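Here are my notes for you, as you're coming to this one fresh. Have a look at the structure first, then work through the points with it open beside you.

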Amino acid sequence: MATVNLSPLLSTSYTPLPINGSHKNSNSMNELIQLQCQYTKQGIINNPSTITKLITTSTQLGTLESLRYTHKALELFIKQDNRVNGTHLFMYNSLIRGYASNGYSDDAIAIFIQMLGIGILPDKFTFPFVLSACAKMVLYNAGIQLHGGVVKMGLANDVFVENSLIHFYSECGKLEYGRKVFDEMRDRNVVSWTSLICGYARKDCPKEAVELFFEMVDSCVSPNSVTMVCVISACAKLKDVELGERVCSYISKSELKVNGHMVNALVDMYMKCGAFDNAKRFFNECDNKNLVLFNTMMSNYIRQGLATEALDILSQMMGYSVKPDRVTMLSAISACAELGDILRGKLCHGFVVRNGLENWDNICNALIDLYMKCGQQVAARIVFGRMSNKTVISFNTMIAGLVRNGDMESAQEIFRKMPETDLVSWNTVIGGFVKESMFEEAIQLFREMQRERIKADRVTMVAVASACGYLGSINLAKWIFAFIEKNRIVRDMQLNTALVDMFVRCGDIQTAMQIFDKMTKKDVSTWTTAIGAMAMEGDGTRALELFDEMLRQGLKPDGILFSMLLTACSHTGLVEQGWRIFKSMKESYGISPNIVHYGCMVDLLGRAGNIKEALDLIKSMPMEPNDIIWGALLASCRMHNNIEIAKYAAEKVKKLAPEKTGTHVLLSNVYASAGIWTSVSKVRSNMKERGIRKIPGSSSIEVNGKIHEFTSGDESHREMSKISSMLDEISCRVKDGGHVPDLTNVLLDVDEKEKEYLLGRHSEKLAMAFGLISTDKGLPIRVVKNLRMCSDCHSFAKLVSKIYGREIIVRDNNRFHFFKQGSCSCCDYW
């Protein structure tokens, strides 16, 4: 026999598994000891065939203790019989096989190394067992050495050894090497083909698995049941039901007997392909439904979002007297969570406790999710607190539940206590901050994430882009966009849509539309964002053009898109087009206008001065108008000084939302604009009695990465002296340019000089003055205001943009105003 160097394996240390001293093991050992005593009494204990029988018995018993007991007997026999011969190799092969076939791979490898150490060389029967053990433990380097030994010993063309090598390489994820062995085989049997097909199917190469299956059939090799299970699972991964049925046709052609594994694979394939009727037919026709089949049905229903159907399968399962296991209960609890069914969820929890399944962390995670989704946060905390093995997923499930319930304080507390975090942890908390409008906190946590060197993904950046958009920071927006490009984060449709929205909210419509135009794939949400950009800019005509373009691409609009389209018409005064769009919702697209759409129409008609028509529309609404509808009408009355309808609308709002500040302020402003100061006084006295305070106008501007906020009339800013000087200069220059202060915007009963002073200290003017003294010439000045921009500040900003040669961008609570060279993008319609 040729010599072979396997010294690297000899130097490798493998730690055997600890012995499990169960009652079953104890019975097995008694049987084995009794058998050994019997052989000893008969005087045949030192006979090779006796040792072989002991090995066979311990293999059948399958316990680690029994195998190790026999191993000691073999060592004693070898020690007494100094001659190394073929019988010794046979016994070692049998023992290695016993360990490997019962799942004790590390022991199998340790025995193989011991065998080499005493000078016994392996043969073609040894290598398949040892390679199988290496495959189970994914010991790639050890397997490579074994392959070298196979070649040196001239066993490279043995079909059983070659099949073992294919299986080994497949399990280690080195399919290219497995394919190389397969391609170089002189003779292939069904196991050769099946080993590679299963390797492809398990390692996410389903297309290659199916192609190899058809090649196998064309080579006149009949598949076996294992082949069919693997290739059917590959079709399931491809979600190609037609291909799956084509593959299944070979079952009848080859006259294969359909077993439980095949039925399970077929049901799984049909479920994953969405062919539920076919899956249910196979399931119902199966006479011997087992636990695995029930679990397959349930888990697939859960994956498809069909929680009710999953629980129906559980009911059938109980009717068949099949006892659920932990996989069953995981699906059942998940179904209850999706349905918000706390009663059945608690029944599942009781089953888990009674059957000792609560030590499985996935079950506990599902229970936490159940209780959180059902609003039982205390119960979720109890489950979490009792967990002995809290994984990262456990912490993430708890945090996700707290975020879902709006408890960001507790979510942060648990996040900070995590022994280790992953990307999901960070994304969940950042997303939670955005959900709760805690945008600055979201950005701060993202920066901390970068310091911790956690690599962001597209989910992270969608949340961060949203936070930036609401903050309105253009510098941050540009940095975020550059960060995505630099880190090569995949910009899918969702992220691109978030970026479009971010730049829109930051007032950079041009960049937003550039991103939009370059997108190869757009859904309705993307088009809605682009139409919203045009609404914010006041370009209703372009919004309508985008709508028509979307329709030409075959997309069907939804209710959200129509609300954005009507807003665009409202901001541009396109009354006729707005009516046409509104009526087409039901007539052309089958969408019944909801209260939001009616609100947009009231706003559109009111802004255009059609107050009576707006009131008539409200009275014809199929649902009760809410305070927002009446508030929109009241705002229009303020704009067009319609006192009579303003009083009527105000009374309606007071009944629906008596504590709403804006209503009282708007009515007060209507009276003040008309000079009815006694009515103004009554409204304000009423506000004081109710403890209602007017929200002060405030404007913010970002300079060198820092946000500066100004409140109307406030002089607390540390640069106030310079700001005042600049305001005086601006006032003189705009007066020379023809600006006449519109004192009707001062809604106080004071003299004109005082009114002019108060008007000059509006928050947006303070922010503009600060921008002029704090930024370089030629740079745009970007201001964010919390209220609607008044007419005087609007005309003031137009002149400032012309006199100082600056583009001024103001985002108020309704829209953007882009001031450039003395004109505004809204064309004075807002």
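1. A bit of vocabulary to start: two strands pair if DSSP finds at least two bridges between them, and strands (E, at least two residues) and helices (H or I, at least four) are DSSP runs numbered from the N terminus. Keep in mind that this is a predicted model, in which local features need pLDDT of at least 70 and side-chain atom pairs count only at pLDDT 80 or more, while totals for chains, interfaces and linings use all residues. Residues are numbered from 1 along each chain as its sequence is written, and side-chain values use heavy atoms, with hydrogens and water left out.

2. Let's begin with the sheet. Six strands make up an open sheet with mixed pairing, in the order β2-β1-β3-β4-β5-β6. At its edges sit β2 (706–711) and β6 (823–824), each of which pairs on one side only.

3. Now zoom in on β3 (residues 781–785). This strand runs parallel to β4 (residues 808–811), and four bridges join them. Look for Val 784 opposite Arg 811 in β4, and for Val 783 opposite Val 810 in β4. To get from β3 to β4 the chain passes through helix α44 (residues 791–803), and this β-α-β crossover is right-handed (with the strands pointing away from the viewer, the path from the first strand over the helix to the second runs clockwise).

4. β3 also has a partner in β1 (residues 698–703): the two pair in the antiparallel sense over three bridges. Ser 699 stands opposite Lys 785 in β3.

5. Which side chains of β3 are buried? Ile 781, Val 783 and Lys 785, which point to one face, are buried, whereas Arg 782 and Val 784 point to the other and are not. Buried here means under 20% relative accessible area, exposed over 50%, and partly exposed in between (1.4 Å probe, protein chains only).

6. On to the cysteines. One disulfide turns up in a search of the whole structure, a disulfide being a pair of cysteine sulfur atoms within 2.5 Å. Cys 198 and Cys 230 form it, with their sulfur atoms 2.1 Å apart. Cys 198 belongs to helix α11 (residues 190–202) and Cys 230 to helix α13 (residues 225–238), so the pair ties together parts that are 32 residues apart in sequence. Their link is right-handed, with 95° about the S-S bond, and both cysteines are buried.

7. Why is there no bond between Cys 793 and Cys 790? The closest cysteine sulfur to that of Cys 793 is in Cys 790, 3.5 Å from it, and that is too far for a bond. Cys 793 is buried, at a relative accessible area of 0%. Cys 364 is buried too, with 7%.

8. Worth a look as well is Phe 582, in helix α34 (residues 575–589). At 8% relative accessibility, Phe 582 counts as buried. Its C-alpha atom is separated by 7.9 Å from that of Phe 562, 20 residues apart along the chain.

9. Finally, the second largest pocket. Its lining has 27 residues, and Ile 474, Asn 475, Glu 702, Pro 780 and Arg 782 lie nearest its centre. The elements giving two or more residues to this lining are α28 (474–486), β1, β3 and β4. (On a 1 Å grid over the protein atoms alone, a pocket is an open set of points where a 1.4 Å probe fits, with protein on both sides within 12 Å along at least five of seven lines; lining residues have an atom within 4 Å of a point.)
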